[in-house]
Amino acid sequence: MESNVFSSVLSILDYQIFNMSLYKIILAVFVFFVFLFARKFFTLIVISTLKKIVEKTKTDLDDKFLHAIKDPVRFLFIIAGIYFMFYFLEVDNNVLFHILKGLLIFDLFWIIYNVITEFEDYVYHLLGKFGQASKEFASFLIKITKAFVITIGIVALLQDWGINVTGFVASLGLGGLAFALAAKDTAANIFGGIAILTDNIFKIGEWVKIGNAEGIVEDIGMRTTKIRAFDKRLIVVPNSVIANSNVENFSRRDRRRIMMRLGLTYDTTPETMEKILNEIRQMLLNHPEIHNEPILIYFDEYQDSALGIFCYFFTTTAVWDEYLRIREDVNLKIKEIVEKNGASFAFPSTSLYVETPVRIKGD
């Protein structure tokens with residue numbers, strides 16, 4: 001009876017699935033899970049211990065480096081598990097070799113990519129020291145570097161599998177020419193992005209107007225710049241368009257202009273008008289949030305229904321909400337000056353004259 005059971009078990013374990021014995025598949029899967037367990041053990045013991053050690057050091061360089069390599073190093077256990085799983089499955093050595101080599105290449109470039117990401121702050125700090133590069137330019141360089149690392153990694157993987165990338169591109173013929181022509185716009189956008197950042201045309205968070213696009217800059221990418229309009233629409237503008245367009249950067253102003261016209265009624269006397277003009281000028285000269293020059297307050301024209309006063313001056317800020325607050329304060333002070341002097345603001349009006357016909361006696 002026992003021999004029959006043993007024979008049944010052996011026959012089951014020797015059952016063929018895709019020309020592989022069932023016991024080999026079970027053994028391969030078991031080995032793979034052993035490496036998954038070893039990966040978990042490595043994380044809990046080794047990585048945790050190293051993390052406690054680097055946290056005690058004065059610099060955060062080792063913290064960043066450990067964080068960058070942690071996941072790729074843990075992935076090595078997956079690679080080892082795959083190797084031994086395929087080994088017990090007796091997969092063709094040549095295929096196994098390329099799979100493992102491809103995974104190792106991927107792991108290597110994963111480390112490089114993570115290191116670049118972790119040390120971004122140092123790049124910003126280093127470039128900022130020389131005063132020649134903004135945060136946006138540093139971000140642009142990091143994006144280019146990451147794209148370069150990814151490209152080289154893909155090329156290395158293709159080369160490992162025997163694909164001659166150079167020969168493949170050269171063999172495209174007309175297709176390669178079409179690709180080059182299509183890439184022309186991409187190249188123009190990339191160089192446009194470089195021009196934006198090196199010329200320091202605008203930065204993230206600034207208020208700009210480019211053609212019909214106006215709003216706050218949200219991102220400066222390799223190909224496009226994203227602008228958030230004031231109605232919350234997202235406008236994406238190609239960098240090549242920006243490089244060849246007139247750009248208005250409202251955030252770079254150190255002041256904002258206030259230009260308006262006041263109208264006083266025609267019964268305002270010359271003496272009252274002159275007094276109002278002088279008091280408005282004096283109020284603006286003493287206002288802490290108004291530039292002293294130029295301040296132009298003049299009675300300049302006779303309008304249809306009013307005596308026109310031209311007002312032209314600048315606030316000390318370009319921030320929109322502060323500008324509105326200052327303008328409101330100035331308007332209230334002007335209204336107070338006009339009313340204090342017994343004058344009134346004019347409004348459009350029409351005078352109607354009615355003639356009464358003269359009656360002659362005897363008619």
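Here is a short chat about how a few labels in this predicted model are earned.

User: Before the details, what is the chain made of, and how many helices and strands does it have?
Analyst: The protein chain has 11 helices and 10 strands. Of its 363 residues, 32% are buried. And 62% of the contacts with a separation of 6 or more are between residues 24 or more positions apart.

User: Why is Ile-82 called buried?
Analyst: Just set the value against the cut-off. Buried means under 20% relative accessible area. Ile-82 comes in at 17%, so it counts as buried. You'll find Ile-82 in helix H3, residues 61–88.

User: And what does Ile-82 touch, apart from its neighbours within four places in sequence?
Analyst: Ile-82 is in contact with Phe-32 and Leu-103. Contact means heavy atoms within 4.5 Å. Don't mix that up with C-alpha spacing: the C-alpha atoms of Ile-82 and Leu-103 are separated by 9.9 Å. Along the chain, these two are 21 residues apart.

User: How do you know that H10 and H11 are roughly antiparallel?
Analyst: Look at the angle. The two axes cross at roughly 150 degrees, and angles over 145 count as roughly antiparallel. H10 and H11 are therefore roughly antiparallel to each other. Their axes come within 10 Å, and the crossing is right-handed.

User: Which residues make that contact?
Analyst: From H10 it's Ile-276, Glu-279, Ile-280, Met-283 and Leu-284. H11 brings Val-330, Lys-333, Ile-334, Ile-337, Val-338 and Lys-340.

User: What makes up the contact of H10 with H11, in nonpolar, polar and charged residues?
Analyst: There are eight nonpolar, no polar and three charged residues. Glu and Lys count as charged, and Glu-279, Lys-333 and Lys-340 are among the residues making the contact.

User: What makes a group of residues a nonpolar core?
Analyst: The members have to be buried nonpolar residues of certain kinds, Ile, Leu, Val and Phe among them, joined through side-chain atoms within 4.5 Å. The largest one here has 24 residues. Those touching the most other members are Ile-280, Leu-284, Ile-297, Ile-309, Phe-313, Val-330 and Ile-334. At least two core residues come from each of strand S8 (256–264), helix H10 (270–286), strand S10 (307–315) and helix H11 (320–340).

User: Which residues is Ile-334 in contact with, leaving aside neighbours within four places in sequence?
Analyst: Ile-334 is in contact with Met-260, Leu-262, Ile-280, Met-283 and Phe-345.

User: How many residues are in the second core?
Analyst: That separate core has 12 residues, including Ile-196, Ile-210, Val-217 and Ala-229.

Notes: Residues are numbered from 1 along each chain as its sequence is written. This is a predicted model: local features need pLDDT of at least 70, side-chain atom pairs count only at pLDDT 80 or more; totals for chains, interfaces and linings use all residues. Side-chain values use heavy atoms; hydrogens and water are left out. Buried means under 20% relative accessible area, exposed over 50%, partly exposed in between (1.4 Å probe, protein chains only). Helices (H or I, at least four residues) and strands (E, at least two) are DSSP runs, numbered from the N terminus. Axes are lines fitted to C-alpha atoms, for helices over the stretch in contact, and angles run from 0 to 180 degrees between N-to-C directions. Angles under 35 degrees count as roughly parallel, over 145 as roughly antiparallel, 65 to 115 as roughly perpendicular and the rest as oblique. A crossing is left-handed if the near helix is turned anticlockwise from the far one by less than a right angle, and right-handed if clockwise.
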